[in-house]
Amino acid sequence: MEDLAREAIRAQGARVTATRVHVLATLMEAASALSHQELFDRIGSSVSVDRVTVYRVLEWLVQTGLAHRIAGEDRVWRFSVARPGDEAGSDHAHHHHGEPHGHFQCDVCRRMFCIDAPVGIQQNLDRLPDGFEGRDVEMVVRGRCPACVRAGREAGDGRKTH
């Protein structure tokens, strides 16, 4: 993954640093979007870096389009890689090629996942009053992820799962 991260950073015409590579590679490997703290915890042991530097790298990744961020119900930013060149069928199904898409946040574990583009993103932009110029529509579906649904069934919580 680090080689892919290096290539993506080079493609931006930017300086390749160990921290940028570690942060981007960690996002590429993640099964769900990560908060700053979760990311810091994952890379903290592999490279000597402070929290501010990690946050600056995340901001840079968002500005360059290599990552996107979404705020959860808890108002915590979560970051996920967004690589325009990914091939369909990649084992990183949460990458959405930089296209508009929605997110799912689990009520139990708080993880956030990218989901396919929800119906209505363009329709919402088209419905703006005259003079408004929209650039983005955020959509977050909330509920329980498959792991938490299974855990609930095993614990016999009796909640409906559909």
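Among contacts in the chain between residues at least 6 apart in sequence, 47% join residues at least 24 apart. Keep that in mind as you turn the model, which is a predicted one. Let's walk through it stop by stop.

**Stop 1: the whole chain**

Show everything as a cartoon and colour it by secondary structure. You should find six helices and six strands. Following the sequence from its start, they come in the pattern α-α-β-α-α-β-β-β-β-α-β-α. Now switch on the surface. The accessible surface is about 9900 Å², and carbon and sulfur atoms account for 48% of it. Of the 162 residues in the chain, 41% are buried.

**Stop 2: the loop after α1**

Select Val16, in the loop between α1 (2-11) and α2. Is Val16 buried, exposed or partly exposed? Val16 is partly exposed, with a relative accessible area of 31%. Next, add Arg6 to your selection. Arg6 and Val16 are ten residues apart in sequence, and their C-alpha atoms lie 6.5 Å apart in space. If you set aside the neighbours within four places in sequence, the residues in contact with Val16 are Arg6, Ile9, Arg10 and Val21.

**Stop 3: helix α3 and its buried side**

Move on to residues 36-43, which form helix α3. Show the side chains of His36, Leu39, Phe40 and Ile43, which are buried. Why do these residues fall on the same side of α3? They cover an arc of only 100° around the axis, and this places them on the same side of the helix. A general point helps here: an α-helix has 3.6 residues a turn, so residues three or four places apart point the same way.

What do the buried residues of α3 pack against? Select α2 (18-29), β1 (34-35), α4 (51-64) and β3 (77-81) to see their packing partners.

**Stop 4: where α3 meets α4**

Keep α3 on screen and hide all but α4. To describe two packed helices, we give the angle between their axes and the distance between the axes. For α3 and α4, the angle is about 115° and the axes are 10 Å apart. The crossing of α3 past α4 is right-handed. On the α3 side, the contact is made by His36, Gln37, Leu39, Phe40 and Ile43. On the α4 side, look for Arg51, Val54, Tyr55 and Leu58.

**Stop 5: the hairpin of β2 and β3**

Select residues 67-71, which are strand β2. Four of its five residues are buried, so β2 is largely enclosed by the rest of the structure. Bring β3 into view beside it. In general, strands of a sheet pair through backbone hydrogen bonds, either parallel or antiparallel. Which sense do β2 and β3 use? They pair in the antiparallel sense, over five bridges. To find one point along this pairing, pick Ala71, which stands opposite Trp77 in β3.

Five residues lie between the two strands of this hairpin. Click on Arg75 in that loop. Its phi is positive, near 65°, in a residue other than glycine. Arg75 is also exposed, with a relative accessible area of 69%.

**Stop 6: the three-stranded sheet**

Now find β5, β4 and β6. They form an open sheet of three strands in the order β5-β4-β6, with mixed pairing. The edge strands are β5 and β6 (140-143), each of which pairs on one side only. From one strand to the next, the twist averages 25°. Look along β4 and β6: they run parallel and are joined by four bridges. Cys106 has Gly143 in β6 as its bridge partner.

Then go to the loop between β4 and β5 (112-115) and select Arg110. This residue has a positive phi of about 70° although it is not a glycine. Arg110 is partly exposed, with a relative accessible area of 24%.

**Stop 7: helix α6, the last helix on the tour**

Finish with residues 146-155, which form α6. Colour Cys148, Val149 and Gly152, which are buried. They cover an arc of only 105° around the axis, which puts them on the same side of α6. Rotate to the other side of α6 and you will meet Pro146, Arg153 and Glu154, which are exposed. The cover over the buried residues of α6 includes β4 (102-106). One residue further on, α6 is followed by Gly156, where phi is positive, near 70°.

Key
Residues numbered from 1 in each chain as written. Predicted model: local features only at pLDDT ≥ 70, side-chain atom pairs only at ≥ 80, totals over all residues. Heavy atoms only, no water. Buried < 20%, exposed > 50% of the residue type's maximum accessible area, 1.4 Å probe, protein only. Arc of directions from axis to C-beta. Contact = heavy atoms within 4.5 Å. Pairing = 2+ DSSP bridges. Areas by Shrake-Rupley, 256 points an atom, 1.4 Å probe, with all protein chains shown as cover. Axes fitted to C-alpha atoms, helices over the stretch in contact; angles between N-to-C directions. Left-handed = near helix turned anticlockwise from the far one by under 90°.
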